[in-house]
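Subject: Structure handover

Hello,

Here is the structure I promised to pass on. Please open it alongside this message; my notes follow below.

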Amino acid sequence: VGRLELRIVVPEGYVGSLELRIFVAEGFVGSLELRILFNESFVGRLEPCIFVADGFVGSLELGILVADGFVGGLEVSILVMEGLVGSLEFLIFVADGFVGSL
């Protein structure tokens with residue numbers, strides 16, 4: 001019961017791998033929105049993992065923006081336990097020239 005919206009944009013110059021896993025268990029009520037935007041020259045890998053357990057009521061919003069010149073790896077993991085009521089918002093912005101891991 002609810003909605004799931006997923007947007008992924010990988011522009012020219014992307015080198016690496018993108019892995020996305022979303023699991024919504026029984027009893028999910030609300031909305032889950034995930035946005036991933038890669039700018040040019042992204043080199044590395046991004047692995048977001050989202051698990052929403054039984055009884056989740058509310059909304060989960062995850063936004064990731066990786067700007068030009070990013071080199072390295074980004075890994076995001078979100079686990080929502082049973083009985084969570086409310087909303088969870090997660091936002092990551094990596095600016096130009098970032099080198100390393102987050």
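Is R45 buried, partly exposed or exposed? R45 has a relative accessible area of 39%. That lies between the 20% limit for buried and the 50% limit for exposed, so R45 counts as partly exposed. Please keep in mind that this is a predicted model.

**Salt bridges**

How many salt bridges does the structure hold? There are six. One of them pairs R45 with E47, with the closest N and O atoms 2.8 Å apart. Salt bridges with shared partners also link R3, E5, R7, E33 and R35 into one network. Within that group, R7 bridges to E5, and the closest N and O atoms are 2.4 Å apart. R7 is partly exposed, at 43% relative accessibility.

R21 forms a salt bridge too, with E19 as its partner. Here the closest N and O atoms are 2.5 Å apart. R21 is partly exposed at 46% relative accessibility. E19 is also partly exposed, at 28%.

**A look at E47**

Where does E47 sit? It is in strand β5, which covers residues 43-52. Its relative accessible area is 16%. The limit for buried is under 20%, so E47 counts as buried. The side chain of E47 makes a polar contact with the side chain of R45, at 2.8 Å. Leaving aside residues up to four places away in sequence, E47 touches E19, R21, L74, E75 and V76. Two of these, E19 and R21, are the salt-bridge pair described above.

**The sheet**

Now to the strands. In general, strands of a sheet pair through backbone hydrogen bonds, either parallel or antiparallel. In this model, four strands form an open sheet, in the order β1-β4-β6-β8. The pairing is parallel. Which strands stand at the edges? They are β1 (2-9) and β8 (85-94). Each has a single partner strand, so one side of each has no neighbour in the sheet. On average, neighbouring strands of this sheet are turned by 0° against each other, ignoring direction.

Inside the order, β4 (residues 29-38) and β6 (residues 57-66) run parallel and are joined by ten bridges. One residue pair to look up: L32 has L60 in β6 as its bridge partner.

I suggest starting with E47 and then moving on to the sheet.

Best wishes

Notes: Residues numbered from 1 in each chain as written. Predicted model: local features only at pLDDT ≥ 70, side-chain atom pairs only at ≥ 80, totals over all residues. Heavy atoms only, no water. Salt bridge = Lys/Arg side-chain N within 4 Å of Asp/Glu carboxyl O. Buried < 20%, exposed > 50% of the residue type's maximum accessible area, 1.4 Å probe, protein only. Helix = DSSP H or I, 4+ residues; strand = E, 2+ residues; numbered from the N terminus. Polar contact = N/O pair within 3.5 Å; in protein donor to acceptor, adjacent residues only side chain to side chain. Contact = heavy atoms within 4.5 Å. Pairing = 2+ DSSP bridges. Axes fitted to C-alpha atoms, helices over the stretch in contact; angles between N-to-C directions.
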